[in-house]
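Please walk through this structure with me, beginning with how far the model can be trusted and moving on to its interior.

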Amino acid sequence: MAGSLNKAILIGRLGRDPEMRYTPSGQPVANFSIATDETYTGKDGQKVEKTEWHRIVVWGKQAEFCGNYLSKGRLVYIEGKIETRKWTDKDGVEKYTTEIKADRVQGLDSRQPEGGYAQAPQYQQRPQAAPQQGGGKAGYDDDMGPAFPSEASGMDDAPF
């Protein structure tokens with residue numbers, strides 16, 4: 001479809017430390033969630049604060065960056081695309097998970113060395129083909145689907 005665009009840009013704080021995993025072929029994968037906040041005045045004139053949570057999946061060198069330099073509470077810039085994948089849970093029930101597949105992750109705040117982390121270099125993933133969808137049985141995270149989309153699709157290594 002000409003003229004379409006799937007692009008997500010988020011700035012938010014990590015809700016938990018990144019969870020690092022590796023595919024059977026050694027491809028690093030990081031999963032974490034970030035919170036974005038907005039404040040507005042409701043119809044009744046009262047201040048309303050809203051938090052939206054976003055699931056993030058990162059592959060390759062960007063995943064290694066996340067595992068090494070990001071932690072809960074850290075402010076990050078995320079750029080990527082929105083993907084929804086279908087998977088089958090341990091009980092055979094089909095489920096869907098929507099997440100941001102990050103192409104770019106950058107820490108926006110830094111602590112001094114005594115604080116646990118400092119600014120690190122930024123890496124960008126190479127664009128690659130999207131995986132095929134399907135059901136799997138191993139490596140599940142109960143609320144996020146299979147640990148690796150490649151397990152859901154039956155591929156040895158996810159191509160993204």
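**Confidence, then the core**

In this predicted model, residues 112–142 keep a pLDDT (the predictor's confidence in each residue, from 0 to 100) under 50, and the model has 75 contacts (heavy atoms within 4.5 Å) for them beyond four places in sequence. Residues 148–160 also have a pLDDT below 50, with 42 contacts beyond near neighbours in sequence. For the protein, the mean pLDDT is 78, and 68% of the residues reach 70 or more.

The largest nonpolar core (buried Ala, Val, Leu, Ile, Met, Phe, Trp, Tyr and Cys residues joined through side-chain atoms within 4.5 Å) has 17 residues, and Phe32, Ile56, Val58 and Ile78 have the most contacts inside it. Two or more residues of this core come from each of β1 (8–14), β3, β4, α1, β5 and β6, helices (H or I, at least four residues) and strands (E, at least two) being DSSP runs numbered from the N terminus. Beyond its neighbours within four places in sequence, Ile56 touches residues including Leu10, Phe32, Ile78 and Ile100.

Helix α1 (residues 60–69) has as its buried residues (under 20% relative accessible area, 1.4 Å probe, protein chains only) Gly60, Gln62, Ala63, Phe65 and Cys66, and their cover includes β2 (19–22), β3 (28–41), β4 (47–59) and β6 (94–107).

In the loop between β5 (75–88) and β6 sits Asp89, which is buried, with a relative accessible area of 13%. A polar atom of the Asp89 side chain lies 2.9 Å from the backbone nitrogen of Asp91, and the Asp89 side chain also reaches the backbone nitrogen of Val93 at 2.8 Å.

Residues are numbered from 1 along each chain as its sequence is written. Local features need pLDDT of at least 70 and side-chain atom pairs count only at pLDDT 80 or more, while totals for chains, interfaces and linings use all residues, and side-chain values use heavy atoms, with hydrogens and water left out.

Key
Buried < 20%, exposed > 50% of the residue type's maximum accessible area, 1.4 Å probe, protein only. Polar contact = N/O pair within 3.5 Å; in protein donor to acceptor, adjacent residues only side chain to side chain.
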